[in-house]
Each structure stands twice: as C-alpha cells, then as structure tokens.
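User: Please take a close look at the salt bridges of this model and at the helices and loops around them. A connected account would be preferred, with the cut-off of each term stated once.

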Amino acid sequence: MKSILKKIPIIKRAYPSIFKKILKILKIWEINYNYFNVVFCLDINEPMDKEILFFDDYEIKQINYLIEGIKKNKIDYFIDVGANSGLYSLVLAKKFKYLKIKSFEPIQTTYLKFKKNLSLNQSINNVELFNFGLSSNDTELLMKAYKKNNYIQKGGYGVASKNEDLSNLHTEYAFFKKADDILILLNKHILIKIDTEGHEKKILDGMSRILSENKIMIQIEIFDKNFEIVDNFLKKKKFKIINYIKSDNKTDYFYINY
C-alpha cells in the first residue's frame, strides 16, 4: 500500500513531510523498522531511511533481482562496496545463511550505523564489515556529503573532485585499499555490488585479478557521464550487460562474465 502512495505525486511530497513533522514534535528521531525481514534503525533525516519508513520502497527491484541471481548462479561470496548502513548486506545475509559477505564502508558515522543495524539482528553472523573503502590503490581520499540544517547525510558520500566547489558540503577524509591485495579469491562464484557515487572505475581497477579469476555477477550504479569508460573496461574483462534498473533518477546495471 505504501509503495502505491509513492506513485501519487502530491502524496509523495506531502505525506513524508507531515509524518516527519509529527515525529519531530514527539522528539522521535530514530525508529526500529522491519524491512525484508531485517530490523533497521531508521533516521527520519536520512533520505534512504525515509523511503523505507514512509513508503516501504527502496531498491526493492534491485534486491529481488539479486536474490534470484544468487539462487540461479550459485553465488557463495557477496562483496558490498559502498555498503552504507548495511541494507544489501543484511538482507542478503538473512536470506542466505551460507553466503560469505564482505562489506566495505569508509565513512566512520555510516560504518557505526551499519554496526548498530547488525547488532539489532543477532541471528546474522555471516557479515564481515570493514571501515575502509576500495579503490585502485591504498590511499586516503577527501570525501564530500550533503549537509542540510546541520544534518550530514550518512548515505551518498562521494569522492571529491579536484577544483570542485565544496563550500556548501561537508568534507572529511577516509581510507581506501586495493581489493586484489586484501581478498584472496579464486574460482569462486561472486556477487559484487558497487554504489560509490562515481568512484566505480577506480574500484574495478583495484580488483582486476578478482574479476579475471572468478565467476562474477556485478550490480553497479554508473553515472551517465562515466558509463562509457566503465562499460568498456568491463567488456574488455569479458563482461556483458544482462539487465538494468532505473529508480530514483539513477541506473543500476547488472553484468556477468559467464
């Protein structure tokens, strides 16, 4: 029912605003909420959390597509790059107890939120969480995030570009490592999800060996301006597009190399 309300423009705008004002009057900032049979601590100021709380509709199509892909392709590892507060990792961990999950989140506050969500689901014990991101080499990078009314958005951090105007954004540094140096995987069936706000090519450069030595399915969010360079890289690695899903003004592409 909530997902239907989201499709009505006036309700999509008014309903969250009214609900949020009521919660603020009641001084309720966080709510524990069940989504995909997993308990998440949702923050009424966080865009992703609001989509889940108000509409029960955040990346449902993508998650369901991955669930079917794991079954069909007999996936045994899930690498979650840009894990945010753990939505994908925890949903897939709960659904597939045998799945070995490696989750990477470089932003400290977001990483701590992931840890909190993990602690709310005691039955989940197949997630290994790392407080650094993945890139083409070991490095420290300047990150940027939206800031509104002194609230810094935990999701949606991106790597700052040279000469970018950062005056109205929050910035902080975070650590990154090369996947090929820390993940020793050979002849495995691996699902990789990459959602890193434009840093995807650097991540792929850093996992070149993994991509060549395993059977891989990838979900990757690619900005339109970066599509050609990312797509060409993956094609050279023998990947092909098998699907794409558009939602919330972004596109997730799905690739496979077998």
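Analyst: Glu128 counts as partly exposed because its relative accessibility is 36%; here buried means under 20% relative accessible area, exposed over 50%, and partly exposed in between, with a 1.4 Å probe and protein chains only. Glu128 forms a salt bridge with Lys102, and their closest N and O atoms are 2.6 Å apart. Lys102 belongs to strand β4 (residues 100-104) and Glu128 to strand β5 (residues 127-130), so the pair ties together parts that are 26 residues apart in sequence. Elsewhere, Glu59, Glu221 and Lys250 are joined into one network by salt bridges that share partners. A salt bridge is taken as a side-chain nitrogen of Lys or Arg within 4 Å of a carboxyl oxygen of Asp or Glu, and the count by this rule comes to 12. Helices (H or I, at least four residues) and strands (E, at least two) are DSSP runs, numbered from the N terminus.

The model is predicted: local features need pLDDT of at least 70, side-chain atom pairs count only at pLDDT 80 or more, and totals for chains, interfaces and linings use all residues. Residues are numbered from 1 along each chain as its sequence is written, and side-chain values use heavy atoms, with hydrogens and water left out.

Within the network, the side chains of Glu59 and Lys250 meet in a salt bridge at 2.3 Å, N to O. Glu59 is in the loop between α3 and α4, whereas Lys250 is in strand β14, so this pair ties together parts that are 191 residues apart in sequence. Both partners are buried; for Glu59 the relative accessible area is 5%. The backbone of Glu59 is also notable, since its phi is positive, at about 55°, although the residue is not a glycine. As background, most residues other than glycine have a negative phi.

The two helices that flank this loop can be taken in turn. Helix α3 (residues 47-55) is mostly covered, with seven of its nine residues buried: Met48, Asp49, Glu51, Ile52, Leu53, Phe54 and Phe55. Asp56, which follows α3, has a positive phi near 50°. One of the buried residues of α3, Asp49, forms a salt bridge with Lys113, the closest N and O atoms being 2.4 Å apart. Since Asp49 lies in α3 and Lys113 in helix α6 (residues 108-119), the pair ties together parts that are 64 residues apart in sequence. Like Asp49, Lys113 is buried.

Helix α6 also holds Leu118. Leaving out residues up to four places away in sequence, Leu118 touches Leu90, Ile124 and Val127, where contact means heavy atoms within 4.5 Å. The C-alpha atoms of Leu118 and Ile194 are separated by 20 Å, and the two residues are 76 apart along the chain.

On the other side of the loop, helix α4 (residues 60-73) has 14 residues and reaches 20 Å from its first C-alpha to its last, close to the 20 Å expected at 1.5 Å a residue; the expected span is 1.5 Å times one less than the number of residues. Its buried residues are Gln62, Ile63, Leu66, Ile67, Gly69, Ile70 and Asn73. Down the axis of α4 these fall within an arc of 165°, so they line one face of the helix; the arc is that of the directions from the helix axis to the C-beta atoms. This pattern can be read against helix geometry: an α-helix has 3.6 residues a turn, so residues three or four places apart point the same way. The cover over the buried residues of α4 includes α5 (87-95), β11 (189-194), β12 (215-221), β13 (240-247) and β14 (250-256). Lys61 and Lys72, on the other side of α4, are exposed. Lys74 follows α4 and has a positive phi near 50°.

Two further loop residues complete the account. Asn226, in the loop between β12 and α10 (227-236), counts as buried because its relative accessibility is 17%. Asn226 touches Gly198 and Glu200, with residues up to four places away in sequence not counted. Asn163 lies in the loop between β9 (158-159) and β10 (169-178) and is exposed, with a relative accessible area of 83%. Its phi is positive, at about 65°, although Asn163 is not a glycine.
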